[in-house]
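Student: I've just opened this one and could use a guided tour. Can we go through it together?

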Amino acid sequence: FNTRTLGANQGTRWFFKVDGLECSRPAPIDISMYQSVYNNIHVPSVLKGVCEGTNAGDIGPGRHTITVHVGEVDNHAKGAPASRWQSSSILEVEEICRPF
């Protein structure tokens, strides 16, 4: 998908949540963009990763709700973010079963 943060000295972060909680293990699934000058540049981006768990614990098998969120980058005001400008997006999720 295309990402953009509009404005000078602005930052935007795109990230996934599983069942309303951000992934924490092994790490958050996110991308960030910082804009130091006022430009209107849309950047093709890929957001992917593995989420084994959140602060609430392991993510077990079964039905889950996966959502994409837009937020601030630490120590920077959130710009005017845009996602998917004149593009399409695909969200693909694969459940990985581990042997015990």
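Student: How do the residues lining the largest pocket divide into nonpolar, polar and charged?

Tutor: First, this is a predicted model, where local features need pLDDT of at least 70, side-chain atom pairs count only at pLDDT 80 or more, and totals for chains, interfaces and linings use all residues. Residues are numbered from 1 along each chain as its sequence is written, and side-chain values use heavy atoms, with hydrogens and water left out. Ala, Val, Leu, Ile, Met, Phe, Trp, Tyr, Cys and Pro count as nonpolar, Asp, Glu, Lys and Arg as charged, and the others, Gly among them, as polar. That makes the lining 20 nonpolar, eight polar and nine charged.

Student: Which element gives the most to the largest nonpolar core?

Tutor: That core has eight residues, including W14, F16 and V18. Two elements each give it two or more residues, β2 (10-18) and β4 (30-35). With three residues, the top contributor is β2.

Student: Is Q10 buried or exposed?

Tutor: Q10 is found in strand β2. Buried means under 20% relative accessible area, exposed over 50%, and partly exposed in between (1.4 Å probe, protein chains only). Q10 has 17% relative accessibility, so the verdict is buried.

Student: How far is the backbone oxygen of A8 from a polar atom of the Q10 side chain?

Tutor: Beyond four places in sequence, Q10 is in contact (heavy atoms within 4.5 Å) with residues including T5, M33 and H76. A8 isn't part of that tally, but its backbone oxygen does pair up with a polar atom of the Q10 side chain, at 2.9 Å.

Definitions and conventions. A nonpolar core is a set of buried Ala, Val, Leu, Ile, Met, Phe, Trp, Tyr and Cys residues joined through side-chain atoms within 4.5 Å. Helices (H or I, at least four residues) and strands (E, at least two) are DSSP runs, numbered from the N terminus. A polar contact is a pair of N or O atoms within 3.5 Å; within protein, one must be able to donate a hydrogen and the other to accept it, and residues adjacent in sequence count only if both atoms are side-chain atoms.
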